Amino acid sequence: MIRVSPVCREDSAGKVRLYCDYTVEDIHGRLWFEVIDTYSDYLFEECGDAFFVALVLLAHIKGLDIQFSTPVSERLHYGVVELLLPAMQIAFPGPRSVSVHADTTDFEFTPVAVGAALSLGVDSFHTLTSSSNGPYPVTHLTFFNSGAMGEEGGEFARILYNRLVAEVEQVASRLELPFVAIDSNIADVLKYSFARTHSIQNLCFCLFMPRLFKVYYYASGFPVTHFRIEGSAAATEYDLLVSKALATESLEVLVSGLYDRRIDKIQSISSFIPAREHLNVCLFTEKSLLGDANGRAENCSRCYKCVKTLVALDASGLLETYSEVFDLEQYRLERSKNLGWMLFLAWRGRDPHATEVVEMGKRQSGFFDPSAYRHALRRGAAGGTARLRRRLGLTV
C-alpha cells in the first residue's frame, strides 16, 4: 500500500512549492512541484489532483494499492480509475491491478487561461500557430520539468531544464505571451520510461495550477489514425485517451494536430518566424546546452530527428527557410546518405514520419538519386538485400 500525506505548501526565495510525503512499504518519499510566486494565486493545496495522477501512476508501476489524504476532483478520479488505469494495464501492464482510495469533490474553480507547452519542437510550434485560428487561442506558454530532460531526474536533468527554460522564455517574451515554468522531482519519483508515459506526466503539471487553465493543448506526435494502446504502445499513440481521462470539472485537455501528419505540420509553421529562428528537434540538445554557460539549444543536423526534419524540408522545398537553425552545408554534403536513411526506415514500415517524407519526395522526379538507393541497400544488407531491392522497386 502507498499512503499519501496531505499536500503542504512551502514559500522560499520567490518560489512556491507544493509537496506531499508518501510511504511505499515503509520507505518514505516526497513529490513536489514548484513555480515562481507570481503564480501563487493559481495554486490550491487543498486540491490533490497533480499528486493524485503522478502517484497513481507510481502505484500502477509498482502494483500497489494507494490511499490519499487530500481530496481530488470528482471528474478526475473517474477518469483515472475508469479510463486511464485499465488502459495502462493494456499498454504497459503492472504487476497487478491496483485499488485507489481518495475523497472527491467538485472544487468549482473558474480558470480562464488557455495553455500549451513550447518545447521548440515541430508539434509545439504547430499547436501554437493552429490555435490562433480557433475558438481557444493560446494565452499562456508553458515548460515543465516532467522527465524529458532525463527520465530518472537528478541534477543533470535540472541543469538542462533551467537552461532550456531561459531560451523558451525568450521566445515567449517575443510573442508577448505569459510564460509558466514548473519544476518538479516527478522523474526522480517515477524513474520510468518517459516515452511510455509522457502525456500522463506532462498533464500533471497543468493540474498543479487548477485556478489558471480552463483549456490545455497537448500536442499530438502522430495522427489519430495511429491510435493504439496494446502491444507496448508509446504514450504518443494513446494520448487522446489520456487527454479524456485527465480532465476535471474546470479543465479540458485538447489534443492538437490530431489529423495532421508531421510533414504537414512542418510546412504549416514555415511562415512562422519564431519557428524559423528557434526550431529545435535534435536528440542531442543537451550537448549544445552544456557546451558553455550561455549555451543555446542547437540542432546537430546529423541525428535521426534532425535528418528526418531536414529531408522533410528538402522534399517540401523549404530548406533555406530554416537556414538559421540547421547546418545546411552539412546536410547537403551527406544528402544521398540522409535520403537513403529515410528510404530504409520507410521500407521497414516502422516509422510513419519517414514514410510521409519518402512519399513526398517520390512526387518529385529525381529527388531520390541512385546513390540514395545504394545507401538504403547498405543499411538493409543485414536484413536481406534482395527483399529490400524489391520493396524499393529496383530489379533484383
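Here's a quick look at one hairpin, one buried asparagine and one helix in this predicted model.

## The β2–β3 hairpin

Let's start with the strands. Residues 8-12 make up β2 and residues 15-24 make up β3, and the two pair in the antiparallel sense over five bridges. If you want a spot to find your bearings, Glu10 sits opposite Arg17 in β3.

Two residues lie between the strands of this hairpin. Look at Ala13 in the turn: its phi is positive, at about 50°.

## Asn145 in its loop

Next up is Asn145, which you'll find in the loop between β10 (140-144) and α4 (155-175). Is Asn145 buried or exposed? Its relative accessible area is 6%, and the cut-off for buried is under 20%, so Asn145 counts as buried.

What does the side chain of Asn145 make a polar contact with? The partner is the side chain of Asp183, at 2.8 Å. Leaving aside residues up to four places away in sequence, Asn145 also touches Arg158, Tyr161, Ile182, Ser184, Ile186 and Phe205, along with Asp183 itself.

## Helix α13

Last comes α13, a helix of 14 residues running from 335 to 348. From first C-alpha to last it reaches 20 Å, close to the 20 Å expected at 1.5 Å a residue.

Most of α13 is covered, with 11 of its 14 residues buried. The buried ones include Trp341, Phe344 and Trp347, plus Ser336 and Asn338. Gly340 and Ala346 are also among them. Just past the end of α13, Gly349 has a positive phi of about 75°.

Definitions and conventions: Residues are numbered from 1 along each chain as its sequence is written. This is a predicted model: local features need pLDDT of at least 70, side-chain atom pairs count only at pLDDT 80 or more; totals for chains, interfaces and linings use all residues. Side-chain values use heavy atoms; hydrogens and water are left out. Helices (H or I, at least four residues) and strands (E, at least two) are DSSP runs, numbered from the N terminus. The expected span of a helix is 1.5 Å times one less than its number of residues. Buried means under 20% relative accessible area, exposed over 50%, partly exposed in between (1.4 Å probe, protein chains only). Two strands pair if DSSP finds at least two bridges between them. A polar contact is a pair of N or O atoms within 3.5 Å; within protein, one must be able to donate a hydrogen and the other to accept it, and residues adjacent in sequence count only if both atoms are side-chain atoms. Contact means heavy atoms within 4.5 Å.
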